[in-house]
Amino acid sequence: MYMRTRASRVSLARIETKSLLLRAAPSRLYSKKRRQAAPLTPEAEALDFANRKEHLLNSGRELYPLLGTTRVNGQPPAIRVPEFRAQWESKATHETPADTSYTIQGRVKTIRKSGKGLIFIDLVQDFTKLQIVVNRDKAGLSQEIFDSEHAFLRRGDIVSTTGRPWRTKSGELSLLADGTVKLMTPCLHPLPLNLTNATTRAHNRVVDLAANAHSRDVLRARSTVMAYIREFFGARGFMEVQTPMLADRASGATATPFTTRSRALGSDGKDVELALRIAPELWLKRLVVSGFDKVFEVGQCFRNEGIDATHNPEFTSCEFYQSFATLEDLMDITQQLLRGVVQRVRDTHGAETFQLDTETGTGSRLDKLAEDFAPNFKVLDFVPEIEKCTGVPLPTDLSDVPALLKYFTAAGLSEPTVEANGALTAPKLLDKLAGIYLEPQCQDQPTFIVNHPTEMAPLAKSAIVNGRSLSRRFELFIHGREYANAYEEENSPFAQARKFAVQLRDREELHDEESPLPDDSFVRALEWGLPPTGGWGLGIDRLVMLLTGATRIEQVLAFGGVKTVNYQ
């Protein structure tokens, strides 16, 4: 939308001329040291862009040329900015430009005009800046060509130019242009210099990412995390796989799936219902049955549940499965991975990029995490720790809901209320106890909570300890938030069938809608023999939040959470 001001109705030529004069005018717009034009204020820049679309369309210029047409025979080869800097950072001098010429392309970050014959342009490509120096005399340009060709350029434009490596008097590595700077793609709106409004940023991530370096840094760190995870498992002999996202059932976790319908699979005019996966777990264990002893997957999962600061219906997880791995092996791998990923992000992006206090910019978050992750992580044993906190022994039968309700009273707690879906099951009661007594102890240092009651982990191996059935499972908490979940997998088809039957009872008798339906085909797959196996899952989005200090999950997603995707 154009600005409807009196100035916007001035002839296009006058606006363009005024803009150029503002950039070139001496007096107070220049610093005394270099007579360099001060940047336009946001208001002046908005006026400058008000009629830019119409002006450019009426200019007769090719605004979006094919890249190949700009690379004519004899033109210096194109080089990317990071490569240029790597080659010439230590070689370029001020006295004499290098003999080698290059073509450089990128986005204009700033334009500074000094006098009538000198322009400094900061160009960005691959997150790396390079200064372009256009000297009218050294480029052999007339004043008319110098002015007319560069009057069109604005901050945000995509441009191309050729020139030679050179260093300014101040010592800055630059490209000394040997001609004009060519417009490749115009930016039709002024990029905000200070975009801080949270709603505006969330609803227009294109502009947020273009304008805010920190937003870009978070996504770059996410890429580093995912690359490191793949490298970590690849180096240990794991094979990366892709398992189905659509199937006739969703299993592997306690969650409500998204469902859809397939016409192609239907018959007699009836569609077939399909579900988006809530976890890849059972598919990956099928592969271990098939002889793939070490597999992992990084991919999307979908859960039709609540949305908050740390939950989005679409999220990214990493799961791995290794035959003959114990719970202790899984704990060792977890600590190695987390120490390594912190080090990789710190080495790649710098220790100071992400701060402990994002408001004041004090303290390196990555340094603090490296310090926290250095010692072996703390371990809390589920049942003994709750009994220690309450001074009251838990029931021997941890599936007994009435006994667990009495335990709340004996521990001085109010009796839990029935939830909206009408289910008050043993797993949920035990989870409430963990939230009251265990999770608050996981604030100061990374902590494994181990040996959950069997009722809380129906896909895990179980053992009888002091008369109670406990699972070989851990949950990893960091700063009070869960990041990873792992266990020695149940490999008995008979035991797995019994555990699925308990889940089905909870679903039908207690109306627990979150309790997953049994997966009989998985039980049949177990009959072919699943070796003793350790399995592990971690939320990638939460891990990136931890490393970068993001306070909401949408900040670590390219286009935000599901609430804001439709605004883009």
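This text leads through a predicted model, beginning with a sheet, moving to the helices beside it, and ending with salt bridges and cysteines.

A convenient place to start is the open sheet, in which eight strands are arranged in the order E7-E11-E12-E21-E20-E19-E16-E15, with mixed pairing. Its two edges are formed by strand E7 (239–240) and by E15, each of which pairs on one side only. Within the sheet, strand E19 (residues 473–478) and strand E20 (residues 481–488) run antiparallel and are joined by six bridges. To find this pairing in the model, one may look for Phe474, which stands opposite Ala486 in E20.

From the edge strand E15 the eye can pass to helix H14, which lies across E15 and E16 and runs at about 80° to E15. The same region can be approached from helix H16, whose buried residues pack against strand E15 (378–381), helix H14 (382–390), helix H15 (401–410) and strand E16 (447–450). The residues of H16 that are buried are Ala426, Lys428, Leu429, Leu430, Leu433, Ala434, Tyr437 and Leu438, a list that includes a lysine and a tyrosine. A general property of helices helps in reading such a list: an α-helix has 3.6 residues a turn, so residues three or four places apart point the same way. The length of H16 can be checked as well, because its 13 residues (426–438), at 1.5 Å a residue, should span 18 Å, and the 17 Å between its end C-alpha atoms agrees with that expectation.

The charged side chains give another route through the structure, which holds 32 salt bridges. One of them joins the side chains of Arg222 and Asp541, with 2.8 Å from N to O. This pair links distant parts of the chain, since Arg222 belongs to helix H10 (residues 213–235) and Asp541 to helix H19 (residues 540–548), 319 residues apart. Arg222 counts as buried because its relative accessibility is 11%, and Asp541 is likewise buried, with a relative accessible area of 2%, the cut-off for a buried residue being under 20%.

Helix H10 also takes part in a salt bridge between the side chains of Arg344 and Glu231, at 2.9 Å from N to O. Arg344 lies in helix H12 (residues 327–349) and Glu231 in helix H10, so the pair ties together parts that are 113 residues apart in sequence. Here both partners count as partly exposed, Arg344 at 26% relative accessibility and Glu231 at 43%.

A further salt bridge brings the reader back to strand E19, which covers residues 473–478: the side chains of Arg473 and Glu475 meet at 3.4 Å, N to O. Arg473 is buried, with a relative accessible area of 8%, and Glu475 is buried with a relative accessible area of 8% too. Elsewhere, salt bridges form a network that links Arg112, Asp122, Lys129 and Glu172.

Finally, there are the cysteines to consider. A disulfide is a covalent bond between the sulfur atoms of two cysteines, and a search of the whole structure finds zero disulfides. Two cysteines may be looked at individually: Cys187 is buried, with a relative accessible area of 12%, and Cys301 counts as buried at 1% relative accessibility.

Key:
Residues numbered from 1 in each chain as written. Predicted model: local features only at pLDDT ≥ 70, side-chain atom pairs only at ≥ 80, totals over all residues. Heavy atoms only, no water. Disulfide = S-S within 2.5 Å. Buried < 20%, exposed > 50% of the residue type's maximum accessible area, 1.4 Å probe, protein only. Helix = DSSP H or I, 4+ residues; strand = E, 2+ residues; numbered from the N terminus. Expected span 1.5 Å × (residues − 1). Contact = heavy atoms within 4.5 Å. Pairing = 2+ DSSP bridges. Axes fitted to C-alpha atoms, helices over the stretch in contact; angles between N-to-C directions. Salt bridge = Lys/Arg side-chain N within 4 Å of Asp/Glu carboxyl O.
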